[in-house]
Amino acid sequence: MTANASARAIKPELLRTYTEDFNKDRANLIAADAAVSAGVLKAATDYRGVRALPRDFSIELKQGSITNQERSGRCWMFASLNTLRYELMHRWNLEDFEFSETYLFFWDAMEKSNTYLENVLRTLDEATDSRLFEAINESPADDGGWWQMFAALVNKYGLVPKSAYPESENSRNSDDFKQYLNSKLREFAAELRRRSAAGASEDELRALKDEYMGTVYRICAVALGEPPEKFDFFARPKDDDEDKKGEACKCKAEADADGKAESCKCGESCKCEGKSDAKACKCDKDKSDKPKTGKDERPQIREIGITPLEFYKKYVPVDVNDFVTLANAPLKNRPFNRRYRIRFSANVVEAGDMEFVNVPLDVFKKAALDQLTAGHPIWFACDCTQFALRKDGFFDQSVVRVDQLFGTEFTGDKAHGLEYGDSPSNHAMTFTGVNLGEDGKPNRWKVENSWGKDAGKDGYYVMSDAWFDRYVTELIIRKEYLDDATRALLTTEPVELDPWQPLTRRCR
């Protein structure tokens, strides 16, 4: 061994010192017993931290049943659909509702495959070991994504209820499907590059790409089944007033230009004088005079042969294009109050690359509070692995005391986590509540997850405000809840970013 190599090696005398120091400290021995027996997270759980994060919230939104992405990387899609179903349910007074995640999953696989092959055609002069081509080739049609990818899919393909296109084994557990789809795409990429080097024209290469996409469609259709072009939709509004007969009628149907309710939930035609001042509903009296039967008398929402785009435009009361991606990335090479665009980040090629506005934490958090206070859930992205208890449902550094367990402080801040890849955004969820302290400032947040009802507390998590500051990096905010200065940034020329730079890692 050379002197230089000896200087770089772990020295035996140091190892003896390490073990002697370890065994001298009783806390190390207790920590080792706990961690070896129960695992790091259980051994590091601090009951005082758990008690400091109750699951009560001063602002809380009523959401539908907890969803489950199972063994797939579709969190961004679930979180996106969860924000929209909340708006649909409350607009149409439904007890519960779930969109088909598999429907968008099919089209996302198709669109990512097409975009990958188009990006291969755009970079024919790049070496296969160039950083750019490696970024493009890393995950041609993997599951992960962001809100703007979701919006591009909805704009092009619409939405369907889960009943019209339910889950399949390959949407629940997508690894095998995506493994072989990606393998085939890389074979196609190699052939396109070979044909190009042999002198094929752009038109010839694009014709070959179109032929390849036929194979992609076949793979997706075999794995997931073909998506519907039209479907039937049936739903019944919930009957909130079933046990409140004789009270004011709370008709939920659309009001006409004079403010009159067009129909009443009891299923009869109703001429209520208006939602705000109606004293009683005549149809309640009529209903009480009828003999009771087992028949469901609630009004029906029924659509026969509706298309996915028609369904989206008719039943979803928000426009996916009215949302903006806010980031809080305190990096020197990402100055705040700028608009950024990430090259080669599109899933739908004609929709264009993804963009975000980077803002300071106070602006970031105020937008979230304003939107939740107004009664709208929020899509957000974070690093869900840091100081988190997946089973018990906590995101908080005071709950997961690995610093005490290992006897060392973890001092990295948000900038460090992004710059060194220690805490990239790898999971998307939905904020559905927040608790405000006596000073009016948030101290904890309610999180709707998509890991099923057995994760967390009935599928919900609680996040400390300190954890929000440190690990939440993206919010999807309706334009109406942006301040004037941030809204003005939307019209500025974006700064172009390369695809391997921070804030581009997709959740898995």
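**A tour of helices α7, α9 and α14**

Begin by selecting residues 101-122, which form helix α7, a run of 22 residues that spans 31 Å from its first C-alpha to its last, close to the 32 Å expected at 1.5 Å a residue (the expected span is 1.5 Å times one less than the number of residues; helices, H or I with at least four residues, and strands, E with at least two, are DSSP runs numbered from the N terminus). This is a predicted model, in which local features need pLDDT of at least 70 and side-chain atom pairs count only at pLDDT 80 or more, while totals for chains, interfaces and linings use all residues. Residues are numbered from 1 along each chain as its sequence is written, and side-chain values use heavy atoms, with hydrogens and water left out.

Now show the surroundings of α7: 21 of its 22 residues are buried, so the helix is largely enclosed by the rest of the structure (buried means under 20% relative accessible area, with a 1.4 Å probe and protein chains only). At the start of α7, select Ser100, whose side-chain oxygen comes to within 3.0 Å of the backbone nitrogen of Tyr103.

Next, select α9 (residues 147-157) together with α14 (residues 308-315), which pack at an angle of about 110 degrees with their axes 7 Å apart. The two helices, α9 and α14, are therefore roughly perpendicular (65 to 115 degrees). Their contact, meaning heavy atoms within 4.5 Å, is made by Val154, Asn155, Lys156 and Tyr157 of α9 and by Pro308, Leu309 and Tyr312 of α14.

Finally, zoom out to the chain, which has 19 helices and 14 strands, and in which 49% of the 508 residues count as buried.

Definitions and conventions:
Buried means under 20% relative accessible area, exposed over 50%, partly exposed in between (1.4 Å probe, protein chains only). A polar contact is a pair of N or O atoms within 3.5 Å; within protein, one must be able to donate a hydrogen and the other to accept it, and residues adjacent in sequence count only if both atoms are side-chain atoms. Axes are lines fitted to C-alpha atoms, for helices over the stretch in contact, and angles run from 0 to 180 degrees between N-to-C directions. Angles under 35 degrees count as roughly parallel, over 145 as roughly antiparallel, 65 to 115 as roughly perpendicular and the rest as oblique.
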